[in-house]
Amino acid sequence: MGVCFLSMNNIERILILAPHTDDGEFACGGTIARYLEAGKECYYVAFSYCDDSLPPGSPKGLLLDEMKAATSVLGIEEEHKIAFDYRVRHFPQARQEILEDMVRLNNDIRPDLVLLPTKNDTHQDHAVIAYEGFRAFKKCSMLGYELPWNNLTFVSSGFVEISKDHLQKKIEALGCYESQANRDYASPRYIESLAVTRGVQFGVRYAEAFDVVRSITRL
Ligand SMILES: [Zn+2]
């Protein structure tokens, strides 16, 4: 009784749903590094590599290259990186296709745990991934991740302690997104501050927080 489903023992395959390249690293890069260090399989899926968001004159697919570099820093294997090319800010028009892709991912990967945006995320693309993700993966444990600059509210009901090394990998991974380096939330100072804040909530040095969407402990 009372077994936390986040116990490493219950989880072998983790699927990270990132609406856009970099969302997964921002939200749970430390947790990904921790699970990989423990020998778990992590699959990273980005639904858009956001060519429309690139600075003028940038080569197409630049964010895809940056995502591949960033997820390698975390330790994700090449064959566990998946990217779709949905148009950024237009996910609501593609809801059904996105759902069908997710159903296929569920059949192929059979994850034990899915990390996805919290349903309180106000970005229209993130909201589609949060809601369609629930529909596609409702038989898995699910944690909603935070991206505070997008969140209307956030219920920090689940926590993963991370080490300084996991935090360093997260910061280094986000440093791979050179095309996005001007954003204030990309600074190492901010990333560390949030990890410190989440750690203070339960008395550890660093952590990442999640909104527990669904917690399943099977026999
Ligand atoms: Zn995003």
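Which helix does threonine 71 lie in? Select threonine 71 and you will find yourself in helix α2. Keep in mind throughout the tour that this is a predicted model.

**Stop 1: threonine 71**

Is threonine 71 buried or exposed? Its relative accessibility is 0%, so threonine 71 counts as buried, the cut-off being under 20%. Now show what surrounds the residue: apart from neighbours within four places in sequence, threonine 71 is in contact with Glu25, Tyr44, Ile76 and Lys81. For a longer reach along the chain, add lysine 169 to the selection. The two residues are 98 residues apart in sequence, yet their C-alpha atoms are 9.7 Å apart in space.

**Stop 2: where α1 meets α2**

Glu25 leads us on to a helix pair. Select residues 23-37 for α1 and residues 62-74 for α2; the two helices pack at an angle of about 40°, and their axes are 9 Å apart. That angle makes α1 oblique to α2, because it is neither under 35 degrees, the limit for roughly parallel, nor in the 65 to 115 range for roughly perpendicular. To see the contact itself, show Glu25, Gly29, Ile32, Ala33 and Leu36 on α1, and Met67, Ala70, Thr71 and Leu74 on α2. Colouring these residues by character gives six nonpolar, two polar and one charged.

**Stop 3: the end of α1 and a partner in α5**

Staying in helix α1, pick glutamate 37. With a relative accessible area of 55%, glutamate 37 is exposed, since the cut-off is over 50%. Which residues does glutamate 37 touch, not counting those up to four places away in sequence? They are Asp165 and His166.

Follow that contact to histidine 166, which is found in helix α5, residues 164-175. Here the relative accessible area is 5%, so histidine 166 is buried. Leaving aside neighbours within four places in sequence, histidine 166 is in contact with Gly30, Ala33, Arg34 and Glu37.

Before leaving glutamate 37, draw a distance to aspartate 51. Glutamate 37 and aspartate 51 are 14 residues apart in sequence, while their C-alpha atoms are 32 Å apart in space.

**Stop 4: the zinc ion**

Next, centre the view on the zinc ion. Which atoms are its protein donors? They are His20 (ND1), Asp23 (OD), Asp23 (OD) and His126 (NE2), lying 2.0 to 2.7 Å from the zinc ion. The angles among the four donor atoms run from 52 to 143°, and the site is irregular. Along the sequence, the donor residues follow the spacing H-x2-D-x102-H. The two histidines link distant parts of the chain: histidine 20 is in strand β1 (residues 13-20) and histidine 126 is in helix α4 (residues 124-136), 106 residues apart. Try a surface view too: histidine 20 and histidine 126 are both buried.

**Stop 5: leucine 115 in β4**

Move to leucine 115, placed in strand β4. Its relative accessible area is 0%, so leucine 115 is buried. Which residues is leucine 115 in contact with, leaving aside neighbours within four places in sequence? Show Ile14, Leu15, Ile16, Leu17, Cys28, Thr31, Leu143, Tyr145 and Phe210. Of these, try leucine 15 for a distance: leucine 115 and leucine 15 are 100 residues apart in sequence and 6.3 Å apart in space, C-alpha to C-alpha.

**Stop 6: the loop between β2 and α2**

Select glycine 61, whose place is in the loop between β2 and α2. At 11% relative accessibility, glycine 61 counts as buried. Not counting residues up to four places away in sequence, glycine 61 touches Tyr49 and Asp51. Cysteine 50 lies in the loop between β2 (41-48) and α2 as well. Check the backbone there: phi of cysteine 50 is near 55°, a positive value in a residue other than glycine. At 6% relative accessibility, cysteine 50 counts as buried.

**Last stop: arginine 110**

Another positive phi awaits at arginine 110, a residue other than glycine, where the value is near 50°. Look for arginine 110 in the loop between α3 (95-109) and β4 (113-117). How accessible is arginine 110? At 47% relative accessibility, arginine 110 counts as partly exposed.

Technical notes
Residues are numbered from 1 along each chain as its sequence is written. This is a predicted model: local features need pLDDT of at least 70, side-chain atom pairs count only at pLDDT 80 or more; totals for chains, interfaces and linings use all residues. Side-chain values use heavy atoms; hydrogens and water are left out. Axes are lines fitted to C-alpha atoms, for helices over the stretch in contact, and angles run from 0 to 180 degrees between N-to-C directions. Helices (H or I, at least four residues) and strands (E, at least two) are DSSP runs, numbered from the N terminus. Angles under 35 degrees count as roughly parallel, over 145 as roughly antiparallel, 65 to 115 as roughly perpendicular and the rest as oblique. Contact means heavy atoms within 4.5 Å. Ala, Val, Leu, Ile, Met, Phe, Trp, Tyr, Cys and Pro count as nonpolar, Asp, Glu, Lys and Arg as charged, and the others, Gly among them, as polar. Buried means under 20% relative accessible area, exposed over 50%, partly exposed in between (1.4 Å probe, protein chains only). Donors are N, O and S atoms within 2.8 Å of the metal (3.2 Å for Na, K and Ca); water is not among the atoms, so sites may look incomplete. Four donors count as tetrahedral if all angles lie between 85 and 135 degrees; four count as square planar and six as octahedral if opposite donors are over 155 degrees apart and all others between 65 and 115; anything else is irregular.
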